[in-house]
Amino acid sequence: MDERKGILTATLMDGTGYAVSKTFPDAAFIARDNDVPVVSIAAGEAATEGGTAEFAITAAPVPAADLEVSVSVTQGPDDDFLPDAPPTSVTIAAAATEATLSVELPDDSADEPDGVVTATILAHPDSYEVATASASLTVHDNDQPPLTAAFHDVPAEHWGKGFEFGFLLEFSEDLARELSSATLRDHALAATNATVTRAARVVKGENRRWMITVVPESGADVTVTLAATTDCSTAGALCTEDGRPLSGSVSATVAAAPPLKAEFVDMPKSHDGTGVFEFELRFSEDFPGRLPYTLLRDEAFRVERGAVRKAGRVDQDQNQRWTIAVRPDSHEDVTVELPAVTDCDAPGAVCTEAGRPLSNTVTATVEGPPPLT
Ligand SMILES: [Ca+2]
Ligand SMILES: [Ca+2]
Ligand SMILES: [Ca+2]
């Protein structure tokens with residue numbers, strides 16, 4: 001039994017054969033109890049950040065005096081739920097059997113996995129024995145994940161001024177309903193050396209995924225940026241319905257492809273007015289895909305006073321080198337031109353399969369035969 005200290009007194013009684021001192025008839029000493037309380041800890045309910053984690057600390061037998069129990073409060077190795085200075089002790093009042101260890105959990109705005117808080121009773125053998133030393137409870141995070149965005153399917157290269165490209169913009173969740181495509185296009189998105197011309201919902205009525213169209217203003221690299229939102233009330237703010245802003249910026253750079261060029265090689269200086277003449281059309285590189293020979297034979301060239309009769313690959317498995325045959329209409333000079341392309345959809349436009357345009361115009365004049373004298 002745990003008891004307060006007591007005083008034991010011995011008093012000499014009168015007897016035979018001795019006299020009891022009048023000065024020191026008795027002696028007293030203090031007796032201390034050697035039974036200390038046994039303490040235990042038990043966890044309360046799971047807690048949530050911003051709330052309180054509670055542990056019940058019990059003592060048996062009932063302590064005779066206030067009993068201070070030393071504790072250590074810890075959390076999981078990756079957790080961030082405890083206050084800077086969690087409590088280090090709890091006092092069970094004299095004659096009480098229980099006290100509550102309360103740990104105030106600060107509320108932050110970080111989205112975190114749920115964690116664990118553990119309270120452990122530290123040994124103090126002079127004051128108490130420990131039965132159950134530690135207990136743990138779950139701490140729930142109360143924050144929503146941040147809103148993020150990503151660009152998908154961004155092309156590696158663009159083909160220069162006026163040749164648009166597109167990519168997919170995807171948010172981690174749907175955005176506030178009032179977001180308009182014009183807000184996204186004109187305020188939230190920015191491009192260097194280009195203009196964002198269109199932001200179109202992938203799914204009608206949903207603001208999570210958008211097809212973005214960008215038109216380069218020059219043959220320079222283009223960088224498209226979607227800036228993080230700091231204030232949901234500003235123009236161009238990107239926020240969820242419950243007011244969480246876009247947490248990080250996203251950006252992508254689309255390099256300018258080297259321009260595709262063409263030249264005429266071994267163009268004859270003159271023709272004889274009757275038969276065909278031939279020359280080589282040589283592109284600056286062997287671009288991927290398959291350029292149709294009919295495009296070069298029937299549509300691509302502008303020929304004055306003549307016509308292209310044949311367009312054939314110098315070697316079959318490449319697009320770079322072509323033999324072109326032109327038949328003059330007469331004895332007049334013939335002008336052959338392969339025009340630069342500004343719109344790959346235009347008839348006769350020479351573009352690669354990837355949509356890269358011929359960037360230069362090539363022209364040559366082949367003189368007719370001298371007049372008979
Ligand atoms: Ca936290
Ligand atoms: Ca919070
Ligand atoms: Ca949190």
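A disulfide is a pair of cysteine sulfur atoms within 2.5 Å. With that in hand, here are close-up views of this predicted model.

**View 1. A disulfide joins Cys 232 to Cys 239.** The two sulfur atoms sit 1.9 Å apart, and this is one of 2 disulfides found in the whole structure. The torsion about the S-S bond is about -105 degrees, so the bridge is left-handed. Look at the two ends in turn: Cys 232 is partly exposed at 36% relative accessibility, whereas Cys 239 is buried at 9%.

**View 2. A disulfide joins Cys 344 to Cys 351.** Here the S to S distance is 2.0 Å. The S-S torsion of about -95 degrees makes this disulfide left-handed. Cys 344 is partly exposed, with a relative accessible area of 26%, while Cys 351 is buried at 12%. If you number the bonded cysteines in sequence order, the pairing reads 1-2, 3-4.

**View 3. Six donor atoms surround the calcium ion (ligand 2).** The protein donors are Glu 49 (OE), Asp 107 (OD), Asp 108 (O), Asn 142 (OD1) and, listed twice, Asp 143 (OD), lying 2.1 to 2.6 Å from the ion. Their angles run from 51 to 163 degrees, which makes the arrangement irregular. Along the chain, the donor residues follow the spacing E-x57-D-D-x33-N-D. Glu 49 also bridges to the calcium ion (ligand 3), 4.1 Å from the calcium ion (ligand 2).

**View 4. Asp 80, Asp 108 and Glu 112 provide the protein donors of the calcium ion (ligand 1).** Asp 80 gives O and OD, Asp 108 gives OD, and Glu 112 gives OE twice, at 2.2 to 3.1 Å from the ion. The spacing of these donors is D-x27-D-x3-E. Asp 80 lies in the loop between β6 (67-75) and β7 (89-92), and Glu 112 lies in the loop between β8 (98-104) and β9 (115-121), 32 residues apart. Asp 80 is partly exposed at 46% relative accessibility, but Glu 112 is buried at 15%. Asp 108, partly exposed at 25%, coordinates both the calcium ion (ligand 1) and the calcium ion (ligand 3), which are 4.1 Å apart.

**View 5. The largest nonpolar core holds 30 residues.** Leu 281, Phe 283, Phe 301, Leu 338 and Val 350 touch the most other members. Elements giving two or more residues include α2 (293-300), β23 (306-313) and β24 (321-328); β21 supplies the largest share, 4 residues. Beyond its neighbours within four places in sequence, Val 350 is in contact with residues including Phe 283, Leu 295, Leu 338 and Pro 357.

Definitions and conventions. Residues numbered from 1 in each chain as written. Chains lettered and ligands numbered in written order. Predicted model: local features only at pLDDT ≥ 70, side-chain atom pairs only at ≥ 80, totals over all residues. Heavy atoms only, no water. Core = buried A, V, L, I, M, F, W, Y, C linked by side-chain atoms within 4.5 Å. Buried < 20%, exposed > 50% of the residue type's maximum accessible area, 1.4 Å probe, protein only. Contact = heavy atoms within 4.5 Å. Donors = N, O, S within 2.8 Å, 3.2 Å for Na, K, Ca; no water. Tetrahedral: all angles 85-135°; square planar, octahedral: opposite > 155°, others 65-115°.
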